[in-house]
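Q: Please take a close look at the interface. What holds it, what does it bury, and how does the backbone behave elsewhere?

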Amino acid sequence: MFIKRKRGWEIPESEATPEAVFHDRRKLVQAMGLGVIAASATPGFIAAAGAATSAPDPTADLYPAKRNETFTLDRPLTAEKDATTYNNFYEFGTDKDIYQEAQALPIRPWQVKFDGMVEKEMTVDIDDLIRKMPLEERLYRHRCVEAWSMAVPWTGFPMKALVEFAKPKASAKYVRMETFSDAKFAPGFKQFWYPWPYVEGLTMAEATNDLAFIGTGIYGHPMPRQNGAPLRLVTPWKYGFKSIKSIVKITFTDQRPVSYWEKLQAKEYGFWANVNPEVPHPRWSQASERVLGTGERKPTLIWNGYGDFVAGLYDGLKSERLFV
Amino acid sequence: MIPWRDYSGRLSPPKLIVFLALFAPALWAAASYPLGMLGSRPLTEAIHQIGLWTLRFLFLALAITPLRDILRWPSLVLVRRMLGVAAFAYVMIHLTLYAADEAFDLRKVASEIALRIYLTIGFVALLGLAALAATSTDAIVRRLGRRWSTLHRIAYGIAGLACIHYFMQSKLEQWEPTIVAGLYLWLIGYRLLAWGFAKRGHLATGWVLGLGIAAGLLTALGEAGWFWLVLHVDPMRVLSVNWTFQAGVRPAPVVLAIGLGIALLGAIRWYRQPAGRRGARA
């Protein structure tokens, strides 16, 4: 029998943005006459968003996916404009407003390679992969290590389904994921002294946890490039840099992967990187977070509020630097 | 002294223009905020913009004396004080915006300044600027006399701290902090050379040229050395992008171009002087 316990951070469904209002918010904004102001203030955004969504996406018919109601929020969803114009994607530049540069990323054709400790190595076309997976929508909080946060409706599938699809051997202990590393369209690679490609990793227990999610879309449509199209990781109990974007390779291994940020600054960005307000970043406090687009500062929650799902994963790991 | 009047009390249009220009970045940020032009985290963006202008005004203030001597432009010194005082005003806005970002929880602001070393460094620089601003009225300048010059030399220490604060807050992007550090080397180098080799208050063009080249070279070596130490990247490869421009215009060529530009302007100013006064070439 499924018994639903109400968790501390949950809000009644009535407080969440109604889906109809959410999907029609552009019309709403236009009706309010704000569209003119928004367009004049950020013409680049409108153009970029147009470019990203006007190209026909071969999986567009799968959106919007049915929402999984297990995951609810304690705050309103972040405006789509904020979530799609304030992004860290260092392959395209070190500023937050790389959404225009990111439009140069060719997301079709796109292949994902599965290798390492798997029954059989394989390279899969992204559209075949997405169509084999059980797509659903989940509302998650997202907490960046830079002490800002957002609340986003991701579309995608449980990472557990991806692991089952890959058929790893029992000896595999970690999943290592890698972003594209092609210098032609992404200016970041010109700074070759940084440890490209972007790499991230999870333990097998983390990867097969219910919360670990692979994103293919956001706000009810396919993923914009700046948010990590066509395939990205979403681990809401960890700092955002763990949620690697635009994945091209998934390797099962018994060696703990060393991530891009860990290579740059192991003291500041470790393997575990679980959210904890009590453990400051060496250069700033993690006690609270600025919620994108609201002007609000909220107290940060341990495990970003997802302790019921994930705290148990770390019972035997107290000696590790779990929160860096 | 009223900021837009010269020493004889007359209205000085150049001073008035500089005085008004100093308000522009703050007004721009203040106007951008309600228009949503500062992005999704507007306070953070405003803190960064105002902090950057603090640094720019401070460096411009420090550049006035060398430029006055190299360009033989005595009246340039008229805007030095207002640049320095503007740097102080901007650093106060910078701190106030930081406090606003912490919802004016002043206990948190104080504990963060005490706990995070780059904030501590920035705060010490702010205290230094406050001391300099407080001793910038006509009366105090007169009363302190020679000691005023000695006291105001701490501006070089403050600029050094500001550089470190700027480097430490940056996560990955170090392009502009590296340029600032290179220009800092130029400023320090000029003061040392002028102290040792200036004749009748002027440093020969050859020295100024050499200083520009040295500052550019040290910037390149510093950058390559840093990536070698921290990321174990072949320093020769990093050095080479300075002249191949494969990674865009790197900091060292920018510092070099500024140094060479100043030397060139200085040479032109020297050449166009009446022949009898060229003796300072040495």
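A: A salt bridge puts a side-chain nitrogen of Lys or Arg within 4 Å of a carboxyl oxygen of Asp or Glu. A:Glu146 and B:Lys171 make such a pair across the interface, with their closest N and O atoms 2.6 Å apart. The model is predicted, so local features need pLDDT of at least 70 and side-chain atom pairs need 80 or more, while totals for chains, interfaces and linings use all residues. Residues count from 1 along each chain as written, chains are lettered from A and ligands numbered from 1 in the order written, and side-chain values use heavy atoms, without hydrogens or water.

Take the charges first. The rule finds three salt bridges between chain A and chain B. The pair of A:Glu146 and B:Lys171 is one such salt bridge. Side chains of opposite charge can pair when their charged atoms come close.

Next, the secondary structure (DSSP runs numbered from the N terminus: helices H or I of at least four residues, strands E of at least two). On the side of chain A that touches chain B, three elements each supply at least two residues. These are helix 5 (80-85), helix 9 (260-264) and strand 11 (288-291). Helix 9 of chain A gives the most, with four residues. By class, this side of chain A has 17 nonpolar, eight polar and seven charged residues. (Ala, Val, Leu, Ile, Met, Phe, Trp, Tyr, Cys and Pro are nonpolar; Asp, Glu, Lys and Arg are charged; the others, Gly among them, are polar.)

Now the extent. Chain A puts 32 residues into the contact (heavy atoms within 4.5 Å). Chain B brings 27 residues. The size of an interface is often given as the accessible area lost when the parts come together. Here the buried area (accessible area lost to a 1.4 Å probe, summed over both parts) is about 2,600 Å². Carbon and sulfur atoms give 56% of that area. On the chain A side, A:Phe192, A:Trp193 and A:Arg283 lose the most area to chain B. Together these three residues make up 30% of what the chain A side buries.

Move on to the salt bridges of the whole structure. Over all chains there are 27. One of the pairs in chain A joins A:Arg141 to A:Asp74, at 3.2 Å from N to O. A:Arg141 sits in strand 3 (residues 136-143) of chain A, and A:Asp74 sits in the loop between helix 4 and helix 5 of chain A, so the pair ties together parts that are 67 residues apart in sequence.

The loop that holds A:Asp74 has a backbone feature too. A:Pro64 also lies between helix 4 (43-54) and helix 5 of chain A. Its peptide bond from A:Tyr63 is cis, with omega near -10°. Go to the loop between helix 5 and strand 1 (111-116) of chain A, and A:Pro109 is found there. The peptide bond from A:Arg108 to A:Pro109 is cis as well, with omega near -5°. Helix 5, named in both loop descriptions, is also among the elements that supply residues to the side touching chain B.

One phi value completes the backbone picture. A:Lys167 is not a glycine, yet its phi is positive, about 50°. This residue falls in the loop between helix 7 (159-166) and strand 5 (174-179) of chain A. Most residues other than glycine have a negative phi, and most peptide bonds are trans.

Note on methods: Buried area = accessible area lost by both parts, 1.4 Å probe.
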